[in-house]
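Student: Could you take me slowly through a single part of this model, the open sheet in one of its chains, and tell me what stands opposite what and what packs on it?

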Amino acid sequence: MVFNSYGFLLFFPSVLLLTRVCPLKWRNGLLLLASYLFYASWGKRWCVLLLGITILVYVLGLLLERKRRKYLFLLGLLGTLGALLAFKYLDFGLYSLNALLTKLGLGAPLPRVSLLQPAGISFFTFQAAGYLIDVYKGKYKPEKNFLRLALFVSFFPQILSGPIGRGDQLLPQYEKPQKADFSQLRRGFLILTWGFFLKLCIADRAAILVNTVYGSYESYSGIFLVFATLVYALQIYGDFAGYSYMAIGAAEMLGIHLPKNFDTPYFAQSIQEFWRRWHISLSTWFRDYVYFPLGGSRCAVWKKYRNVLIVFLVSGLWHGAMWNFVVWGAIHGLYQIFGGITKPLREKMLNALRVDRETASYRLFRMAITFLLVDFAWLFFRADGLEAAIAMLRVIFTNLTPTALVGEAFYTMGLDRQEFWALLLCTGGMTLIDALRCRGHGITEWFGRQNWLFRELALAAFMLIIITFGIWGNGFDASSFIYFKF
Amino acid sequence: MHPASFISSFKRVISVLVLLALVISGVVFLSRALAITDGPEKNGAFLQDDRQYDVLLFGSSHMVNGIYPMELWKNYGITAYDLGGHGASLAASYWEMRLAVEKHKPKVAVLDVLFAGSDYTEMELGLAHELFDPYPLSRLKIQAVRDIFANKGDRMELLFPLDVYHNRWKELDTEMVERGLAGCMQASPEKGSELRVGTVALERIPLLPETDRLEARTIAMDYIEKFIIFCQENDIIPVLVYIPGQISEEWQRACNTAMALGEALGAKTLNQQYMDLIDFNTDWYDEGRHLNPSGALKATDSLGAFLQDQCGLGSHLQDSAYSAWQEDYRMYVAYLTETMQAQTDPDQFLSLAALECFTVEATISPDFSDQTVLHQLQSLGVTPAIRKDGPDLELIIRDTQGNELVHKCFETETTLTETVDA
């Protein structure tokens with residue numbers, strides 16, 4: 001069951017209704033049941049794994065409170081992250097070792113194992129591991145109520161693709177459950193609807209163009225690949241931010257406040273800032289549980305750069321057990337290292353040229369450069385493997401042919417004229433809203449202050465726009481959110 | 001409750017209701033505007049009107065193209081609607097009958113058994129839309145769609161057609177917007193049947209003996225049985241009809257089996273395939289799958305006589321309560337006239353001219369040898385005049401008032417080609 005399915009359109013209102021009519025003390029139990037039902041729709045057997053991980057972190061959390069033993073902590077990490085390693089990386093590891101051994105002339109002696117990957121494993125194992133690390137460090141006390149901890153690990157809006165929650169943010173909300181009031185319900189619904197807009201009107205429409213070009217990149221000149229990669233930036237943002245908004249909106253309606261996961265990332269003026277705005281819950285997870293323990297930035301400069309590179313390599317690998325993801329992570333790490341090394345020089349140049357850093361044009365310039373750097377890395381992220389990414393780059397640098405992409409040529413990439421313009425218009429709408437949010441104008445707050453009739457008319461019109469212009473229905477493969485496979 | 005709190009709660013309830021009303025109205029508008037119109041135009045009128053129908057016709061395209069309700073009215077005073085659907089499986093026909101009967105309960109329900117040999121319930125999804133889209137969402141429709149289609153996506157698409165039609169926003173025009181606002185569309189002047197204009201001369205394929213039947217029972221047979229039993233339980237006379245068609249031996253066996261099954265279950269049966277109704281030179285539209293108007297008139301006439309004799313249906317022609325049908329017939333003739341004027345080929349003119357509302361005059365050259373046209377003229381009872389110094393073929397077709405509708409001349413080259421628009 002995905003958010004944009006008829007199943008969820010029945011499931012979610014039913015859960016919402018039940019949690020509102022039943023006594024508040026039943027809420028956690030109802031949400032836990034709903035979460036396991038939701039997860040079971042992806043495979044009943046994976047519920048056993050989910051339950052196993054929950055029991056492990058529950059027991060170890062309690063034991064760690066009594067005796068702060070490192071082996072217990074490591075056992076917990078092995079149990080949570082070990083499951084992730086086994087299901088996601090074992091085959092990749094064996095494949096890579098075989099490839100290395102073959103190059104050394106030793107053949108490929110290791111057997112391959114093709115394990116099916118449980119949905120959302122990267123997310124709920126990170127959430128569980130984060131809880132255990134926090135408890136071990138004494139950041140907060142372990143949860144003694146098993147039901148609450150089980151809900152923390154499995155809460156259905158976030159189990160498949162985050163946001164990755166923290167114990168100190170979520171567990172208190174389960175301890176003292178509160179019904180969402182009318183303004184929370186409205187706010188949650190608005191966020192949910194915005195998520196649907198990003199996913200159905202932008203991401204899934206952009207996906208048609210991107211899949212067409214990336215699927216047969218050999219038959220396009222370089223400028224088309226560049227254009228498709230620019231559109232992919234839209235697709236992945238619409239897809240993942242869309243999912244996050246749906247999760248946050250649904251949770252808000254159930255009275256649970258989830259952390260923000262995206263904050264207008266394409267308005268970032270540096271790569272560092274981009275990572276403070278993109279997939280915030282994962283970035284902060286890596287910052288708190290990998291980067292800081294490695295020494296963070298409070299060490300020698302070379303060590304800091306080493307730490308940055310390690311974090312981004314691991315982040316790349318987290319996104320997928322393929323070398324192109326590792327390269328994608330490495331590119332982002334190198335961006336940051338290069339940015340750090342050249343910062344004094346750039347500062348000097350700007351001072352010498354007397355560039356006013358407060359002007360809109362300068363900020364726009366920085367945004368554009370950051371976006372292009374991010375987009376370049378997306379090529380590795382989207383390509384079907386490292387070889388394909390390199391082959392595409394070769395086409396871009398040897399056969400760019402910019403003049404090929406004029407007039408009707410825009411409509412030869414899987415979207416006809418109307419679809420293409422619909423994508424442009426929806427992107428325009430999204431950019432406008434994001435620009436307003438970037439400047440501190442909260443659209444949901446502004447909306448809440450309007451006359452009620454205007455509000456209902458505008459919301460109804462927005463929903464009808466999604467219904468009409470969204471890519472959904474029988475025959476459309478709208479079910480696959482990009483981040484589900486991570 | 002404090003008054004301020006009460007007002008606040010009341011405003012919230014109202015705002016939610018307003019939002020719901022706006023979204024539902026919008027969805028209804030979009031569903032009407034963006035829907036394909038084939039089904040609603042063909043069968044929509046049946047669901048919108050308050051008529052009494054003696055007969056409802058169900059089945060495949062053989063029924064749609066082979067039986068003309070307005071000819072049943074004209075010649076027998078029987079009121080009928082053709083609810084057949086192209087490619088409709090017998091399961092689909094059974095469920096459509098259930099849905100239709102909820103709106104108008106007829107005296108007789110006629111089922112064409114063409115697909116009796118099929119071992120599946122499903123039909124092509126696009127054609128299923130034509131069949132089921134006119135019916136509003138109901139428990140029975142959900143039951144029908146669930147029974148016919150296994151795929152969940154297909155089911156949802158049929159129950160909520162906007163699922164697939166929303167993508168037609170690109171085709172939105174003024175007419176579609178008007179349809180969305182008004183919610184009704186032009187009624188079928190043919191009462192659900194569809195003319196297939198044209199003629200193909202065929203060699204007759206041999207028919208198996210009527211006793212040659214299938215050994216195994218098919219899924220389609222189960223639905224024929226359900227059809228009969230439901231009709232009997234609801235005081236509707238079930239009639240199975242085997243409409244002529246050039247079909248394979250396997251299909252012939254299946255149809256023979258279906259007719260035997262019908263008889264065994266107490267349904268009335270009309271086996272037109274073995275009645276030698278059809279002239280293979282003049283009555284086919286295509287390769288023996290569908291009848292043209294000339295052939296359909298014969299099948300319709302045979303069914304009319306059967307309904308009168310075997311089912312006891314009387315004529316309403318003189319009944320003033322049915323005066324609306326006379327008006328419908330005038331509309332039907334006007335539609336036929338328009339259709340006649342839109343044709344281009346001699347075989348099309350002559351296949352349509354079989355309808356009673358037209359008369360034909362023909363002149364041919366002494367060398368004229370097009371056998372299809374000659375057979376058609378002969379079938380119409382027209383003896384062409386022969387003129388040496390003129391076109392190879394000159395056709396004049398008039399309506400019942402004697403107005404000239406068509407006056408065209410043709411020369412024989414490789415085919416008959418129109419020369420002068422007279």
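Tutor: A good place to begin is one pair of residues: B:Leu57 stands opposite B:Val110 in β3(B). Before going further, please note that this is a predicted model, in which local features need pLDDT of at least 70, side-chain atom pairs count only at pLDDT 80 or more, and totals for chains, interfaces and linings use all residues. Residues are numbered from 1 along each chain as its sequence is written, while chains are lettered from A and ligands numbered from 1 in the order in which they are written.

The pair belongs to a longer match, since strand β1 (residues 55-58) of chain B and strand β3 (residues 108-112) of chain B run parallel and are joined by four bridges; two strands are said to pair if DSSP finds at least two bridges between them. Strands of a sheet pair through backbone hydrogen bonds, either parallel or antiparallel. Helices (H or I, at least four residues) and strands (E, at least two) are DSSP runs, numbered from the N terminus.

In chain B, the open sheet has five strands in the order β2-β1-β3-β4-β5, with parallel pairing. The edges are taken by β2 (80-82) and β5 (268-271) of chain B, each of which has a single partner strand, so one side of each is left without a neighbour in the sheet. From one strand to the next the twist averages 20 degrees, where axes are lines fitted to C-alpha atoms, for helices over the stretch in contact, and angles run from 0 to 180 degrees between N-to-C directions.

Helix α11 (residues 219-233) of chain B packs on this sheet, touching β3 and β4 (237-242) of chain B, and its direction makes about 150 degrees with that of β4(B); contact here requires that the C-beta atoms of two residues, placed from the backbone, lie within 7 Å. Helix α12 (residues 249-264) of chain B lies across β4 and β5 of chain B, and runs at about 160 degrees to β4(B).

As for the chain around the sheet, the secondary structure of chain B comes to 16 helices and ten strands, and its C-alpha trace spans about 100 × 55 × 45 Å along its principal axes. Of the 422 residues of chain B, 41% count as buried, a term that asks for 20 or more other C-beta atoms within 10 Å of the residue's own, with C-beta atoms placed from the backbone. Among contacts in chain B between residues at least 6 apart in sequence, 78% join residues at least 24 apart.

How values were computed: Buried ≥ 20, exposed ≤ 12 C-beta atoms within 10 Å, placed from the backbone.
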